[in-house]
Every structure is written in C-alpha cells, then in structure tokens.
Amino acid sequence: MRKILGAVLIAAVLAGGSGIVYVDAAASGTSDGSDAAANSGEILEITGETDYSMAQEPGAESEAAFEECFAGSDIPMPEAFFGLTAQDAIDFWERTGEASYSFYDPSIDEAAEGQGDAGNSVNVSSCVEKINRYLTGRGYGREAAVLNEENGRTEIIWYKGTVRVKIAAITEGNFVFTALSEEKDNGQMEMLLGKWEGYAESQGENYIMTLDFREDGQVEYMAGWVQSEAAFLSTGTFAVEYDRMYLTFPHDQVSGQDVNWESVYCFEVHDDTLEMEYLSGDSLNIFQKEGDVFNYSRVTAADSGEDAPTVSGESISSDSGEFVLTAEDQKLLREHLLVPETAVVEFQIGEEYYWSAADATVVPISIYENGVYVAGADISKETKELMTSILTYQH
C-alpha cells in the first residue's frame, strides 16, 4: 500500500502544470459591489503609454521623492497621491508593514450614494500610470499584469527590496491599493516555525501530511496514512519571500529514491492555522491542484495528549507499549539534542515506520517545552541511536 500511495504522489507531481496566480497578501475591503462583474474572466484593459503585460526589472532612481510617504519607506500616502477619497482604508503600516486602501467612483456605485462627490470620479488607468511613473522612477521593478483567478481582479505589482506595492483593478472606476513590507515585524516567519499537520479523506482512506519548519532553514515533510506507516518522508529546505514559500525535497527516505521536488506555495499563518496555496512546481500531495488551498494545524504537546509525561525519572512507552524510553534513554536524548538540563520538557513517542534507506525501523521522538516543539529526532527502534530528522534544541 505504501508503494501505491508513493506512486500516486509522484504521478501527481509529474502531472503538475505551471502558471502563477498572485493572491492578495494584504488585507483589503471594498463595498463597490462590482466583484461579480469582474469575475467574467477578462483582464481589465489598462490604457496608457505603458505596456503592462511586460515585466520590468528594478532600476535606478530618477525622480525626486514625493513629499508624503509611509514612514520609513518611499511609498506615497495613497489618498493624497491619487487625489481621491479612500473607502474602507486599512493601514497598519507602522505595526505590521501592511496597508490597503480602496477607491471607487461614487457616480457608478449605488453603495456609495451620499459618501462622496460624484464629480470626483476614479480613473483607474490614470492612477495606474501615475503610480507606475512614481515607483519606477524610484527604482522599483514591475511584474507583468495578471488576472487573479480567485477574485477576477487585474493586478499590477511593483517591488523593490522587501517592499511590494499593488493596484488591483476591479472595474474601470474601482481599484484597491495595497502595500506590504517584510521589513516590518508581521511575525509570519516566526509563526511559521514548528510542526504542522493536515488531514484529508479520499476513497475511504484517511491521510495525514506534516510539515516541520526549523530555524536553520530545513523542513521535514511526511505524507502517509493516519495511524499507519509513512508513504513519503523527506528533509529539505525552505525559503520565504513575502507571502511566497519555496520548498525543495531532494530525497525520499521511505523509498530511498532521489525525487528532487521543487515547490512554490503562497502561505499565510493565522494563529494555529497555516494556509498553503499550491502555485507551481511539484505538489506536496495529491489533494491540491494549482490554486487550491490546503490548511494545516499547529502541533503542540497538548494535541498528542494532555497528560504527556515530563522527564521525571520514569520510563514512558508508546501507545502500543512495544517501545519504551527509560529515564536513561531520555537523559541521553537530551544530551544529544542539546536540551539544557534546566529545561522542563515533555517527550512524545510517534508512530514507528520502516526506513528502507537504512534498512531499519525508526521511531519519531518529539520534545516539547511549554507546549512548543523544541527538539526531536527519529531514532532506531533497536539501538535508540539518532537516525534522521534531527532537530537540536531550538528556543
């Protein structure tokens, strides 16, 4: 059965297509009521002197800075810059590095009745041209315009360093201006670290997928059946750029084969939920096609049992009782994984599996401190030596 799922996983990967659809990374809101019209599948034409179907690399600054900018950046204050009244403005720039402003023509929107001067109409093309001249003059690059298939908006993105600015054109009289900077402490990278698990059901089978992100840039991915053996297990690397995540997994430890997976996902962390949208490359599971979102939940010691024993000199055993960690075993594991003697931690024993590359049965051991995964390794069931998926103490 393991070979069948492994083959299905690889087949799904090989069948994967290409094409990236950018999903809004900054919060935004509109009350223009025009999304239904925008979902027609047509890209809103942005007229003007610039061909926005062409990308442009960052360049040198060529214009004087605008007077009113976001603090610590060269992004203009959108209301003053466009000379329009913003609707549903959301600006958390100082705290999180995210901002969003919505603009729409009150003369063509019944929802805006009484909210503004009907003569102060919105011209998306002129606003796009203006922000393009301003940002490219300050060294920003520009991505080619795309149709966001999720909400039907035409999006143009400018970027420089860790900053992205975007106009999402909804109709000829409606657009959303957003900005995002990873230099601000929005906590996404820090919140991403740790272990996550997701579940799916297909044709009567229940599957589990786990991701374990580590501070050293390594990530472990496992896919298999719930309460059964792993079908795929690999330790690779990950990198984060804005809301994009780039994953590489060179080797499947279960089959012993080189797979050289490279995946691109859009991600967002909300408290204990990790949203992973598959964009391109190799899909990590058979349940996602391009544009699909799969949610993972954070794994804590409490998730695996509220009464998980602490290191107190007592032996602990697996659920089946076939595997035992004595107090001496726990002490040695703490030493090997550099867990301080003063740290009060809990040990969790996972489901054993066969690792064909080493021709050995291994048992996952996780160590938690205050409910947070801080160290662990898959160890030999027979000798209890560290084998793979080794994470030294992180705190």
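**Entry 1: what covers helix H5**

I began with the surroundings of helix H5 in this predicted model, and I found that the cover over its buried residues includes helix H3, strand E3 (141-142), strand E5, strand E6 (163-171) and strand E7 (174-181). Helix H5 takes in residues 124-136, and its 13 residues reach 18 Å from the first C-alpha to the last, close to the 18 Å expected at 1.5 Å a residue. I then looked up how much of the helix is hidden, and noted that H5 is mostly covered, with 10 of its 13 residues buried. Among the buried residues I listed Val124, Cys127, Val128, Ile131, Tyr134 and Leu135, and I added that polar residues also appear there, including Ser125, Glu129, Asn132 and Thr136.

For the helix start I checked Asn123, where a side-chain oxygen comes to within 3.1 Å of the backbone nitrogen of Ser125.

**Entry 2: Asp74 and what it touches**

Next I turned to Asp74, which I located in the loop between helix H2 (35-38) and helix H3 (78-82). Is Asp74 buried or exposed? I put Asp74 down as buried, because its relative accessible area of 18% falls under the 20% cut-off.

I also asked which side chain makes a polar contact with the side chain of Asp74. That partner is Tyr140, at 2.5 Å. Setting aside neighbours within four places in sequence, I found Asp74 in contact with Cys69, Tyr134, Arg138, Tyr140 and Lys160. Of these, Tyr134 is one I had already met among the buried residues of H5.

**Entry 3: cysteines**

Having come upon Cys69 among the contacts of Asp74, I looked up its exposure and wrote it down as partly exposed, with a relative accessible area of 25%. Cys266, by contrast, counts as buried at 10% relative accessibility. I reminded myself that a disulfide is a covalent bond between the sulfur atoms of two cysteines. How many disulfides does the model hold? The count comes to 0 disulfides.

**Entry 4: Gly152**

I placed Gly152 in the loop between strand E4 (146-148) and strand E5 (153-160), and I recorded it as buried, since its relative accessibility is 7%. Its C-alpha atom is separated by 9.3 Å from that of Leu44, although the two residues are 108 residues apart along the chain.

**Entry 5: the barrel**

I then followed a closed barrel of 8 strands, which runs E8-E9-E10-E11-E12-E13-E14-E15 with antiparallel pairing. Neighbouring strands of this sheet are turned by 35 degrees against each other on average, direction ignored. I noted for the new reader that strands of a sheet pair through backbone hydrogen bonds, either parallel or antiparallel.

I went through part of the barrel pair by pair. Strand E12 (residues 244-251) and strand E13 (residues 258-270) run antiparallel and are joined by 7 bridges, and here I found His251 standing opposite Asp258 in E13. From E13 to strand E14 (residues 273-281), again antiparallel, I recorded 8 bridges, with Glu268 having Glu275 in E14 as its bridge partner. E13 and E14 form a hairpin with 2 residues between them, and Asp271 in that turn has a positive phi of about 50 degrees. E14 in turn is joined to strand E15 (residues 293-298) by 5 bridges, the two running antiparallel, and Met276 is partnered there with Phe294 in E15.

**Entry 6: positive phi outside the hairpin**

Most residues other than glycine have a negative phi, and so I wrote down two further cases that depart from this. Leu338 has a phi near 60 degrees, and I found it in the loop between helix H7 (327-336) and strand E18 (346-349), where it is exposed, with a relative accessible area of 56%. Ser389 has a positive phi of about 50 degrees, but it belongs to strand E22 (residues 386-391), and it is buried, with a relative accessible area of 6%.

**Entry 7: the chain overall**

Last, I looked up the totals: the chain has 7 helices and 22 strands, and of its 395 residues 48% count as buried. Among contacts between residues at least 6 apart in sequence, 51% join residues at least 24 apart.

Technical notes: Residues numbered from 1 in each chain as written. Predicted model: local features only at pLDDT ≥ 70, side-chain atom pairs only at ≥ 80, totals over all residues. Heavy atoms only, no water. Helix = DSSP H or I, 4+ residues; strand = E, 2+ residues; numbered from the N terminus. Buried < 20%, exposed > 50% of the residue type's maximum accessible area, 1.4 Å probe, protein only. Polar contact = N/O pair within 3.5 Å; in protein donor to acceptor, adjacent residues only side chain to side chain. Contact = heavy atoms within 4.5 Å. Disulfide = S-S within 2.5 Å. Pairing = 2+ DSSP bridges. Axes fitted to C-alpha atoms, helices over the stretch in contact; angles between N-to-C directions. Expected span 1.5 Å × (residues − 1).
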